[in-house]
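Work through the exercises below with the sequence and the coordinates open. Try each task before reading its solution.

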Amino acid sequence: MKVLILGAGYGTRLQRDLHAAPEYKHLLGVPKALLPLGGRDALISHWLELFRHHSINDVYVVTNGATYDAFVAWAKRNNLPQENIVSDGTLTNETRLGAVPDIAFGIRHFKLQNDDVLVIGGDTLFLNDFKLIDLLNHISPRSCLVTTYHVHDSEVHKFGIVETDSGGTITSFLEKPNSTDTTSRLACPCFYLFDQEALPLIEKFVEETKGQPKETYDATGKLLAYLYPRFKVKTYPISGRIDVGGLKSYIEANEYFA
């Protein structure tokens, strides 16, 4: 298994919050994935430590041209080869490739086509009771595996919601539905384990959406909606996640992991 961390976003909401908070202005320009967190030098160091503890050492990062040097410095601090970091070549939020094209780009660049690939959003964190070894034990041949957690009725409209059969296999994906549109309350964060046989479908999705408005392919949920009718996608339940979107959620995450 190889790990691909997505760190090419521009965190515009967080940057706006930081501009308005003088006590946090030292974090201006720092990508969300590299925010110091809970005594660690960066949010993604949390994941790096966890993977290394389970002897998963092939960790790669896709970032952008504006923050590439910062990710290289992080890699050096954490004894990760510099060649495991790649820039997608973009410099602004307006010219960003989008999360799904970055996945496809990372798989091609790092030549991961012959491996199972675990893709993680650079701002994704799970609660402390998450057990990676338990998730790894739920991997089955010829199927992808994603994580899900329950959200309240009032929050359904904020998330991509999956519906599953009795065995936990995805049967439907709803993008930010109303709570009355589905009985499911299962949100699905960007923590996707792709079976190597499913990887060509990522490239196919990117090709089929080329030239379309960015909202049709940017978010990783768009890929999941494309994938599940074509390849088996199973789910693994977690108790919850912390999404570092703005300054408030970052402060809460920093306190939680302290």
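**Exercise 1.** Is the crossing of helix 4 and helix 6 left-handed or right-handed? Describe the packing of this pair.

Solution. The model is predicted.
- Step 1. Locate the pair: helix 4 spans residues 99–109, and helix 6 spans residues 199–209.
- Step 2. Take the geometry. The two axes lie 9 Å apart, at an angle of about 130 degrees.
- Step 3. Classify the angle. Helix 4 is therefore oblique to helix 6.
- Step 4. Give the hand. The crossing of helix 4 and helix 6 is left-handed.
- Step 5. List the contacts. Helix 4 contributes Val100, Pro101, Ile103, Ala104, Ile107 and Arg108, which meet Leu199, Ile202, Glu203, Phe205 and Val206 of helix 6.
- Step 6. Sort the contact of helix 4 with helix 6 by class: nine nonpolar residues, two charged and no polar.

**Exercise 2.** At roughly what angle do the axes of helix 6 and helix 7 cross? Describe this second packing of helix 6.

Solution.
- Step 1. Helix 7 covers residues 220–227, and its axis comes within 10 Å of the axis of helix 6. The crossing angle is roughly 110 degrees.
- Step 2. An angle of 65 to 115 degrees counts as roughly perpendicular, so helix 6 is roughly perpendicular to helix 7.
- Step 3. The crossing of helix 6 past helix 7 is right-handed.
- Step 4. From helix 6, Leu201, Ile202, Lys204, Phe205 and Glu208 take part. Their partners in helix 7 are Lys222, Leu223, Tyr226 and Leu227.
- Step 5. By class, the contact of helix 6 with helix 7 has six nonpolar, three charged and no polar residues.
- Step 6. Check burial. Helix 7 is mostly covered, with six of its eight residues buried. These are Thr220, Gly221, Leu223, Leu224, Tyr226 and Leu227.

**Exercise 3.** Which residues of helix 2 are buried? Follow the chain to the end of this helix and beyond.

Solution.
- Step 1. Helix 2 runs over residues 43–53. Its buried residues are Leu43, Ile44, Ser45, His46, Trp47, Leu48 and Phe51.
- Step 2. Turn to His53, also placed in helix 2. Its relative accessible area is 65%, so His53 is exposed.
- Step 3. Compare sequence and space. His53 and Leu132 are separated by 79 residues in sequence, yet their C-alpha atoms are 9.9 Å apart.
- Step 4. Move on to Ser55, in the loop between helix 2 and strand 2 (59–63). Phi of Ser55 is positive, near 60 degrees, and the residue is not a glycine.
- Step 5. Ser55 has 61% relative accessibility and so counts as exposed.

**Exercise 4.** Where is Lys111 found? Give its backbone and exposure.

Solution.
- Step 1. Lys111 sits in the loop between helix 4 and strand 4 (117–121).
- Step 2. Its phi is positive, about 55 degrees, although Lys111 is not a glycine.
- Step 3. With a relative accessible area of 65%, Lys111 is exposed.

**Exercise 5.** How many disulfides does the structure hold? Account for Cys144 and Cys190.

Solution.
- Step 1. The count is zero disulfides.
- Step 2. Take Cys144. The nearest cysteine sulfur belongs to Cys188 and is 11 Å away, and Cys144 is in no disulfide.
- Step 3. Check its exposure. Cys144 is buried, at a relative accessible area of 1%.
- Step 4. Take Cys190. Its closest cysteine sulfur is also in Cys188, at 8.7 Å, which is too far for a bond. The cut-off is within 2.5 Å.
- Step 5. Cys190 has 11% relative accessibility, so it counts as buried.

**Exercise 6.** Is Ala75 buried or exposed? Do the same for Ser172, and list the contacts of both.

Solution.
- Step 1. Ala75 lies in helix 3 (residues 68–77). A relative accessible area of 0% makes Ala75 buried.
- Step 2. Leaving out residues up to four places away in sequence, Ala75 touches Leu80, Pro81 and Ile85.
- Step 3. Add a distance. Ala75 and Val61 are 14 residues apart in sequence and 9.5 Å apart, C-alpha to C-alpha.
- Step 4. Ser172 belongs to strand 8 (residues 170–175). Its relative accessible area is 14%. Buried means under 20%, so Ser172 is buried.
- Step 5. With the same sequence neighbours left out, Ser172 touches Ile161, Val162, Glu163 and Tyr228.

Methods
Residues numbered from 1 in each chain as written. Predicted model: local features only at pLDDT ≥ 70, side-chain atom pairs only at ≥ 80, totals over all residues. Heavy atoms only, no water. Helix = DSSP H or I, 4+ residues; strand = E, 2+ residues; numbered from the N terminus. Buried < 20%, exposed > 50% of the residue type's maximum accessible area, 1.4 Å probe, protein only. Contact = heavy atoms within 4.5 Å. Axes fitted to C-alpha atoms, helices over the stretch in contact; angles between N-to-C directions. Parallel < 35°, antiparallel > 145°, perpendicular 65-115°, else oblique. Left-handed = near helix turned anticlockwise from the far one by under 90°. Nonpolar A, V, L, I, M, F, W, Y, C, P; charged D, E, K, R; others polar.
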